Amino acid sequence: MTLRLVEFVVAGNEASDLLPVRSPALLRAHGARRGFWTVLDEGPVERCLAVLLERTDGEWVAHHVTADAGRENGRTEDGEALAHHDGWVYVFGSHFGSKAGPLRPRRAFVARFREDDAARGTLPLQVVRNRFRLHRAVNDALAAAPLTLLPAGERVRQRFIVETLARGTARAKSWVSRLAEDDLPINIEAAAFTPAGTALLGLRFPVTAEGEPILVELAGVPDMFGAQPGWPRALGAYALTGVTPAGALTGFRAVAPTPDGGYAAVIGSIDAVGKGSVLLDDHPHGGPVTSRHVRFRHDVGPDARVAGKLVADLAPFHHVEGLAELDGRCWYVTDEDHRVALWLG
C-alpha cells in the first residue's frame, strides 16, 4: 500500500484516533470539503481537541478547537478514543496510567460534545469522571468471559494496582472500593458505538493468553450524562481472532464502523518501545509489533470470540493511532513526536 503524508503541528502535540467530521456547518465554517477529529496527547481533554481539514482548494490545515468543560476544566488527561453516537461525539480517556504506573483517576473519564457547536466559537464539552467505575465494570466482564487472559506480570500488578490502592487508601479516596488486588490495569485505546447503542471499547491491554486483542461491550454510556447519572454496565468481553501474528501480543489502537455494518480496526503493540514501559518489562514480545489494518463484524461466538480478517500489514509503522475508511480511501493518523501525521491511502 502506497501512502501519502500530510503533516501538521497542533499545539506541539501528537494525535490519537481519527473520526470523520459529520457536521456540514463545521465544514462550511472552515471552507472545507472533508475533515477529521483527533484528540491530542495527554493534556486536559478541553485543550486537546483538533480538526484536520481539507479545504475546497485541496489544501490541508489543522485547527486546534477551543473548548470549555466548565467545572471539569483541568481535571482530565489522556483522551484516547473518539466515537459518534446519536448526534454526539464521545471522547474516552485511557483509564490507564503512565508507562510506569500507577493508574491515574484523571484518565478515567468520558466526555462528549456536538459537532455543530464547534462552528460557533468555544465548544461546550460535557465531562464525566467515573472514578474507576468503568475499570470495575470492564474487569468484572473480563473475569466472567470464557477467555484465558495474559497474566499482568508481578511488576505490572505492583505498579498499577497495588500502588494505586495504597495511594487511594492513604488519601481516603472512595474509589478504592472499586479496585481489587487481582484486577488487571485496562488501557482503552479505541471505541465505536453499535447500531443498538452499545459501545465497543478496544483495549490495548489486557490481551488474551494467545496474544489476541480484546473488545468490551458496554451498555448505558449516554446515561452517564443525565441529571441523575447512571453508570455503564458491561455486556461482555470478546477476543478478536485470526489477525495476530504468531508469537506476538497485539492490542487495539483504533476501531471505526464501516458502511456495510462491520468495523475496521488497527491492532498493534501493547505499549511503546524505549519509553520505560513496565508492561514491556514483563512482556517484551508485546513491543516490536507493527500495526495492522483489520476488519470484523460484531458476530460473537459462544466462546466469546469474533473472527477478524487482515486488510493490510502497515509495516514498518509501529504507531498507527487512528483510521477511517472514507470516500473509497483509507486514512491513518500516527503517533509522532511533536507533530500530527495523516497518511492517505
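## The second largest pocket

In this predicted model, the lining of the second largest pocket has 16 nonpolar, six polar and two charged residues. The pocket's volume is about 400 Å³. In total, 24 residues line it, and those nearest its centre are Arg-22, His-84, Ala-256, Pro-257 and Thr-258.

Which elements give two or more residues to this lining? They are strand 2, strand 7 (79-85), strand 12, strand 16 and strand 20 (320-326). Keep strand 2 in mind, as we will meet it again below.

## The largest pocket

Now let us turn to the largest pocket, which holds about 550 Å³ of space. It is lined by 28 residues, and Lys-99, Arg-204, Ala-272, Lys-275 and Asp-335 are the closest to its centre. Two or more lining residues come from each of strand 12 (187-193) and strand 21 (329-336).

How do the residues of this lining divide by class? Four are nonpolar, eight are polar and 16 are charged. For the second largest pocket, by comparison, the counts are 16 nonpolar, six polar and two charged.

## A cavity

Rolling a probe the size of a water molecule over the atoms shows where empty space is left. Besides the pockets, the structure holds one cavity of 30 Å³ or more. The largest cavity has a volume of about 30 Å³.

Its lining is made up of Asp-17, Leu-18, Leu-19, Pro-20, Leu-82, Val-255, Ala-256, Pro-257 and Leu-323. Strand 2 and strand 16 (251-257) are the elements that give two or more residues here. Strand 2 gives the most, with four residues. By class, eight of the lining residues are nonpolar, none is polar and one is charged. Two names may look familiar: Ala-256 and Pro-257 line this cavity, and they are also among the residues nearest the centre of the second largest pocket.

## The sheet that holds strand 2

Where does strand 2 sit in its sheet? First, the sheet itself: four strands form an open sheet in the order 2-3-4-5, with antiparallel pairing. Strand 2 (15-20) lies at one edge and strand 5 (60-64) at the other, so to speak, each pairing on one side only. From one strand to the next, the twist averages 25 degrees.

The partner of strand 2 is strand 3 (residues 32-40), and the two pair in the antiparallel sense over four bridges. One residue pair to look for is Ala-15 with Leu-40, its bridge partner in strand 3.

Definitions and conventions:
Residues numbered from 1 in each chain as written. Predicted model: local features only at pLDDT ≥ 70, side-chain atom pairs only at ≥ 80, totals over all residues. Heavy atoms only, no water. Pairing = 2+ DSSP bridges. Axes fitted to C-alpha atoms, helices over the stretch in contact; angles between N-to-C directions. 1 Å grid on protein atoms, 1.4 Å probe; cavity = no way out; pocket = protein on both sides within 12 Å on 5 of 7 lines; lining within 4 Å. Points joined across faces, edges and corners; volume = space filled by probe spheres on them. Nonpolar A, V, L, I, M, F, W, Y, C, P; charged D, E, K, R; others polar.
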